[in-house]
Amino acid sequence: LSFFTYMLIDVLYTFLFYLMFIALFVYPVFFFFFFKQKTAYEMLRSLVGSEMCIRDRYQRRVRGSWIAWMVGRVLCLHSFRMSAEALRLQSSKFSNLAECLGAHGELVFVDAPHSVAPEAEARMPSLLREIFAPPYFEWWNARQEEGQVWYDGVEQTLEYIAKVVQEQGPFDGIMGFSQGGSLVHLVCAMIAQGNLDISPPKWAMIISSMGSRHAG
């Protein structure tokens with residue numbers, strides 16, 4: 001990356017940090033980070049080098065920033081047909097996210113309530129299965145019907161999240177990657193609308209995801 005690009009990223013990071021600082025004093029608040037859409041299937045070895053460059057460039061800054069000690073307890077939701085252990089690896093081995101956040105807080109990784117069917121697991125890329133060992137889980141299966149998207153199994157997932165918050169909470173923040181990020185968006189939206197009876201997080205982080213499209 002060029003010097004100008006580094007400076008632009010640096011300014012953006014500083015702006016986001018100060019914006020989050022302001023937001024954290026207004027409770028409850030939902031704070032979203034939307035990044036370029038990817039799936040877990042793209043988190044392969046070819047990405048490790050570029051992610052390591054980003055990690056090494058900002059490791060000292062993020063670790064020493066004031067935002068780290070405000071993290072608290074974080075509920076971490078993995079991507080489609082992955083697992084809590086896979087997200088733990090993605091946030092530690094493939095990046096320094098766990099190091100930056102976990103050093104001043106507690107990251108709680110949970111598996112989705114739905115196990116991946118054997119036939120679906122067999123269709124997963126072999127390289128992905130080599131990097132991330134089974135078992136695999138999913139938050140829902142999306143289907144399109146009459147121009148609308150429906151998430152099969154999402155009701156059980158929301159009940160499961162409520163149970164996790166009740167039994168393992170409270171959580172200061174909630175973070176999701178890929179399908180887990182869509183779930184974070186759905187959970188926060190339902191809390192704001194009064195349709196999900198759990199304690200709202202102070203902040204939320206959505207990584208490589210999109211907003212929920214569930215028509216229900």
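## Aromatic pairs around the E4–E5 loop

Tyrosine 151 has a relative accessibility of 4% and therefore counts as buried, the cut-off for that label being under 20%. This residue belongs to a predicted model, and a search of the whole structure finds three aromatic pairs in it. In one of them the rings of tryptophan 139 and tyrosine 160 lie with their centres 6.4 Å apart and their planes at 45°, so this pair is described as tilted. The pair links distant parts of the chain, since tryptophan 139 sits in the loop between strand E4 (137-138) and strand E5 (141-145), while tyrosine 160 is in helix H7, 21 residues apart. Tryptophan 139 counts as buried because its relative accessibility is 0%, whereas tyrosine 160, with a relative accessible area of 24%, is partly exposed.

Another pair is formed by tryptophan 140 and tyrosine 151, and this one is stacked, with 4.2 Å from centre to centre and 5° between the planes. Tryptophan 140 lies in the loop between E4 and E5 and tyrosine 151 in strand E6, so the pair ties together parts that are 11 residues apart in sequence. Tryptophan 140, at 3% relative accessibility, also counts as buried.

## Helix H7 and its two sides

Helix H7, the helix that holds tyrosine 160, runs over residues 154-168 and has 15 residues. From the first C-alpha to the last H7 reaches 20 Å, which is close to the 21 Å expected at 1.5 Å a residue.

The buried residues of H7 are Val154, Thr157, Leu158, Ile161, Val164 and Val165. They cover an arc of only 120° around the axis, and therefore lie on the same side of H7. An α-helix has 3.6 residues a turn, so residues three or four places apart point the same way. On the other side of H7, the exposed residues are Glu159, Gln166 and Glu167.

What do the buried residues of H7 pack against? Their partners are strand E1 (72-77), strand E2 (105-110), strand E3 (114-115), strand E6 (148-152) and helix H8 (179-192). Strand E6 is also where tyrosine 151 of the stacked pair is found.

## The chain as a whole

The protein chain has eight helices and eight strands, and buried residues make up 44% of its 216 residues. Among contacts with a separation of 6 or more, 78% are between residues 24 or more positions apart. The accessible surface of the protein chain comes to about 11,600 Å², and 59% of this belongs to carbon and sulfur atoms.

Note on methods
Residues are numbered from 1 along each chain as its sequence is written. This is a predicted model: local features need pLDDT of at least 70, side-chain atom pairs count only at pLDDT 80 or more; totals for chains, interfaces and linings use all residues. Side-chain values use heavy atoms; hydrogens and water are left out. Helices (H or I, at least four residues) and strands (E, at least two) are DSSP runs, numbered from the N terminus. The expected span of a helix is 1.5 Å times one less than its number of residues. Buried means under 20% relative accessible area, exposed over 50%, partly exposed in between (1.4 Å probe, protein chains only). The arc is that of the directions from the helix axis to the C-beta atoms. Contact means heavy atoms within 4.5 Å. Accessible areas come from the Shrake-Rupley method with a 1.4 Å probe; for residues, only the protein chains shown count as cover. Rings of Phe, Tyr and Trp (its six-membered ring) pair if their centres lie within 6.5 Å; planes under 30 degrees apart count as stacked, over 60 as edge-to-face and the rest as tilted.
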